[in-house]
Amino acid sequence: MTPLDYEFLRKLLRARSGLDLSPDKQYLVESRLLPLARRVGLAGISELVAKIKAGSEPLTVEAVEAMTTNETFFFRDKLPFDHLRETILPALLPARASRRSLRIWCAASSTGQEPYSIAMCLKEFGSALAGWRIEILATDLSQGVLEKSKAGIFSQFEVQRGLPIQMLVKYFTQTGDLWQLNADVRAMVQHRQLNLLQDFSHLGMFDLIFCRNVLIYFDQDTKAGIFGRLAKMLEADGVLALGAAESVVGISDAFKPYPEKRGLYRPNTDRAARAGVAAPQASKVVASVTR
Ligand SMILES: C[S@@+](CC[C@H](N)C(=O)[O-])C[C@H]1O[C@@H](n2cnc3c(N)ncnc32)[C@H](O)[C@@H]1O
């Protein structure tokens, strides 16, 4: 790969997915894109770049997807799910008792372990949520990971990462070496392809947004823009959960830290008031989703 090829790919990836690669990451690009180039019968990265420059959209999409990091596992970092069970839901459920509905968005859901962890947490509330309308929307840039997520089928290795054995037994069915999430849990999660760089205001308002381990790959301005747009999608008493290495502090004042709960944030309604913007209100907008 020539330095010009690398510069082209850096710009392309930043524009298409937000991925902010430093100038010294040629090895990473080579290790991810060379297998793609070979698979489609090209000699190397320069030939791949030439095809992309010539306007091959399918190859561009494949290259962008090959560069995304899809690492995920059930109940990743544990703490956000403890907070969900012990703090967030106990506060939200009484507040939503009259409308008996909850809308949750998992904004970079990868192969599904995160939205399904949320779904299993909700299942554990049992009859307290009987008759409630629960929407968990799982979105990701990559159609490939969404397809795997929709199937809800996981390897032995995947179910051994983070998933308590009691939950495996309770919510999965084994077929050979694989485990499939039971249909009732799968049905709680709706899937939709969505790029966080693009407008997402049409999704409507949410009570809870998980946007974890994706913004870490973006530059500060991109993060700030996304935080500003996410804040408009959260109810005033809603909660944003970020990844363990992510924070809004020093990047955006659209959110303020949730008291004493690391990684959780609330929309900053003071800021909205100062800017003359009404605090987010409950909305009846419901996302049109594909399963
Ligand atoms: C490291 S995974 C995180 C998965 C999960 N949130 C977790 O914390 O375990 C990051 C995901 O972000 C997705 N992603 C990357 N850029 C994106 C973008 N611009 N819009 C939406 N999703 C994106 C990737 O496809 C990948 O599945």
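Two strands are counted as paired if DSSP finds at least two bridges between them. In this predicted model, strands S8 and S10 are joined by two bridges and run antiparallel. Within that pairing, Ala241 has Leu264 of S10 as its bridge partner.

**The seven-stranded sheet**

S8 and S10 belong to an open sheet of seven strands, ordered S6-S2-S1-S7-S8-S10-S9, in which the pairing is mixed. Its edges are formed by strand S6 (189–193) and strand S9 (255–257), each of which pairs on one side only. From one strand to the next, the twist averages 25 degrees.

At one end of the order, S9 and strand S10 (residues 264–267) pair in the antiparallel sense over three bridges. Phe255 stands opposite Pro267 in S10, and Pro257 has Tyr265 in S10 as its bridge partner. The hairpin of S9 and S10 has six residues between the strands, and Glu260 there takes a positive phi near 60 degrees.

Two helices are described against this sheet. Helix H5 lies across S1, S7, S8 and S10 and runs at about 170 degrees to S7. Helix H6 packs on the sheet by touching S1, S2, S6 and S7, and its direction makes about 165 degrees with that of S2. H6 is mostly covered, with ten of its eleven residues buried. Among these buried residues are the polar or charged Gln113, Glu114 and Ser117, together with Tyr116, Ile118, Met120 and Leu122.

**The three-stranded sheet**

A further open sheet has three strands in the order S3-S5-S4, with antiparallel pairing. Strand S3 (153–155) and strand S4 (172–175) stand at the edges with a single partner strand each, so one side of each is left without a neighbour in the sheet. Neighbouring strands here are turned by 30 degrees against each other on average, direction ignored. S3 is joined to strand S5 (residues 178–181) by three bridges, the two strands running antiparallel; Ser155 stands opposite Leu178 in S5.

The strand pairs described above are set out together below.

| Strand pair | Bridges | Sense |
|---|---|---|
| S3 and S5 | three | antiparallel |
| S8 and S10 | two | antiparallel |
| S9 and S10 | three | antiparallel |

**Nonpolar cores**

In soluble globular proteins, nonpolar side chains tend to be buried together. The largest nonpolar core in this model has 39 residues, of which Phe74, Met120, Leu122, Leu163 and Phe172 touch the most other members. Elements giving two or more residues to this core include helix H5 (79–95), strand S1 (101–106), helix H6 (113–123), strand S2 (133–140), helix H9 (165–171) and S5. Strands S7 (206–210) and S8 (234–241) also give two or more residues each.

Leaving aside residues up to four places away in sequence, Phe74 touches a set of residues that includes Gln113, Tyr116, Ser117 and Met120. The contacts of Phe74 also include Phe154, Glu158, Val159, Arg161, Gly162, Leu163 and Phe172. Apart from the largest core lies another, of 26 residues, among them Ala108, Leu196, Ile226 and Leu230.

**Internal cavity**

Rolling a probe the size of a water molecule over the atoms shows where empty space is left. The count comes to one cavity of 30 Å³ or more. The largest cavity holds about 400 Å³ of space. It is lined by 27 residues, and the closest to its centre are Thr69, Ala108, Asp140, Asn213 and Val214. Ala108 is thus named twice: in the core of 26 residues and in the lining of the largest cavity.

Notes. Residues numbered from 1 in each chain as written. Predicted model: local features only at pLDDT ≥ 70, side-chain atom pairs only at ≥ 80, totals over all residues. Heavy atoms only, no water. Helix = DSSP H or I, 4+ residues; strand = E, 2+ residues; numbered from the N terminus. Axes fitted to C-alpha atoms, helices over the stretch in contact; angles between N-to-C directions. Core = buried A, V, L, I, M, F, W, Y, C linked by side-chain atoms within 4.5 Å. Buried < 20%, exposed > 50% of the residue type's maximum accessible area, 1.4 Å probe, protein only. Contact = heavy atoms within 4.5 Å. 1 Å grid on protein atoms, 1.4 Å probe; cavity = no way out; pocket = protein on both sides within 12 Å on 5 of 7 lines; lining within 4 Å. Points joined across faces, edges and corners; volume = space filled by probe spheres on them.
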